[in-house]
Amino acid sequence: MRIALCQIPVGDDPKDNLEHVLEALAIASEADLAIFPEATQVRFGRAMAAAAEPLDGPWVTTLAEAARRHRTAVIVGVFEPAPDGRVYNTAVAIDADGRAAGAYRKIHLFDAFGFRESELIAPGDTPTVVELAGTRIGLITCYDLRFPELARALVDQGADLLAVIASWAQGNFKEEHWVTLIRARAIENTTWTVAVDKAPDPPQAPGGAIGVGRSLLVDPMGTVQTDLGPFPGVRVVELDDLITEHVRKTLPALEHRRPDLFG
């Protein structure tokens, strides 16, 4: 399976952001799946409600047409209206035919490090696994990464790959947390984990600098196979399912669980 890690810049204009996505998708046209950051539609801020659309709205529809044209499945972060006036922070999955394969509304909201995501965003309530390019993929969004029970629930639902999309806020020790948590989720679940963050904002960005870059591909043993560093870029990588099989024979941790004690 060939996956494109699309570490793109995201700004305050949804039209500009869509152009960045379409350009990256063209670069990644040989990939089976292209993964974009959380909140790719528009940068986090007060403009989210104005930019939010239903999942059959023009922003996602245009992207779906491009996915079909390139024959590349897509995972991307958008905002959709919520009934209470807030928005949902949603990861949308589109298959290579341009059809909706599923959507995940972020469960854990980032009310930490001085941010209050819950003021503008309504939480989801359903762990979600989608099938793209013949692979079952568990969807994780940014702050969700700090909650190992979500990743384990996705693996229990049959996920063969964990896909993390993020707009990881900059700050003291935040980059260390990002890398450590991604590797931990891969190791404890002996599962390929691909994590795509937005390209970093400049430090003086209004509303706080978001994005550390460092989009990663981590194998089931916890080895970092790819690290995009701090700059924008698109990189196509390959996943080898035989590595998962080998690691799980060597380290059968999932078989050693004790649900009789811990549920």
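**Exercise 1. Work out how strand 3 is paired with its neighbours, starting from Ala34 and its bridge partner in strand 3, Val74.**

Step 1. This is a predicted model, so treat everything below as computed from predicted coordinates. The Ala34–Val74 bridge ties into strand 3, and the pairing of strand 2 (residues 33-35) with strand 3 is parallel, over three bridges.

Step 2. Now look at strand 4 (residues 87-94). Strands 3 and 4 run antiparallel and are joined by eight bridges. One place to check this is Gly77, whose bridge partner in strand 4 is Ala91.

Step 3. Follow the chain through the hairpin. Five residues sit between strand 3 and strand 4, and Gly85 has a positive phi near 95 degrees there.

Step 4. Is strand 3 (residues 73-81) buried or exposed? Eight of its nine residues are buried, so the rest of the structure largely encloses this strand.

**Exercise 2. Find out which face of helix 3 (residues 58-70) is buried, and what it packs on.**

Step 1. Check the geometry first. With 13 residues at 1.5 Å a residue, helix 3 should span 18 Å, and its end C-alpha atoms are indeed 18 Å apart.

Step 2. List the buried residues: Trp59, Val60, Leu63, Ala64, Ala66 and Ala67. Viewed down the helix axis, they fall within an arc of 160 degrees, so they line one face. The spacing makes sense, because an α-helix has 3.6 residues a turn and residues three or four places apart point the same way.

Step 3. Turn to the other side. Pro58 and Arg69 are exposed on the face turned away from the buried one.

Step 4. Name the packing partners. The buried residues of helix 3 pack against helix 1 (14-27), strand 3 and strand 4. Just after the helix comes Arg71, with a positive phi near 60 degrees.

**Exercise 3. Repeat the analysis for helix 1.**

Step 1. Helix 1 has 14 residues, and its first and last C-alpha atoms are 20 Å apart, close to the expected 20 Å.

Step 2. Its buried residues are Asn17, Leu18, Val21, Ala24 and Leu25. They fall within an arc of 125 degrees seen down the axis, so they too line one face. Lys15 and Ile27 are exposed on the face turned away from it.

Step 3. Which elements cover the buried residues? The cover includes strand 1 (2-7), strand 2, helix 3, strand 3 and strand 13 (233-238).

**Exercise 4. Map the nonpolar cores and place Ile75 in them.**

Step 1. The largest nonpolar core has 45 residues, and the members touching the most others are Ile3, Ile35, Ile75, Ile137, Trp178 and Val194. Strand 9 (residues 161-166) gives the most to this core, with six residues.

Step 2. There is also a second, separate core of 23 residues, with Ala4, Leu25, Phe36 and Val92 among its members.

Step 3. Trace the contacts of Ile75, leaving out residues up to four places away in sequence: they include Leu33, Ile35, Phe36, Val92, Ile137 and Ile165. Phe36 and Val92 belong to the second core, yet Ile75 touches both.

**Exercise 5. Describe the surroundings of Thr141.**

Step 1. Thr141 lies in strand 8 (residues 135-141).

Step 2. Its relative accessible area is 0%; the cut-off for buried is under 20%, so Thr141 counts as buried.

Step 3. Beyond four places in sequence, Thr141 touches Glu38, Asn89, Ala91, Tyr104, Lys106 and Ile165. Ala91 is also the bridge partner of Gly77.

Conventions. Residues are numbered from 1 along each chain as its sequence is written. This is a predicted model: local features need pLDDT of at least 70, side-chain atom pairs count only at pLDDT 80 or more; totals for chains, interfaces and linings use all residues. Side-chain values use heavy atoms; hydrogens and water are left out. A nonpolar core is a set of buried Ala, Val, Leu, Ile, Met, Phe, Trp, Tyr and Cys residues joined through side-chain atoms within 4.5 Å. Buried means under 20% relative accessible area, exposed over 50%, partly exposed in between (1.4 Å probe, protein chains only). Helices (H or I, at least four residues) and strands (E, at least two) are DSSP runs, numbered from the N terminus. Contact means heavy atoms within 4.5 Å. Two strands pair if DSSP finds at least two bridges between them. The expected span of a helix is 1.5 Å times one less than its number of residues. The arc is that of the directions from the helix axis to the C-beta atoms.
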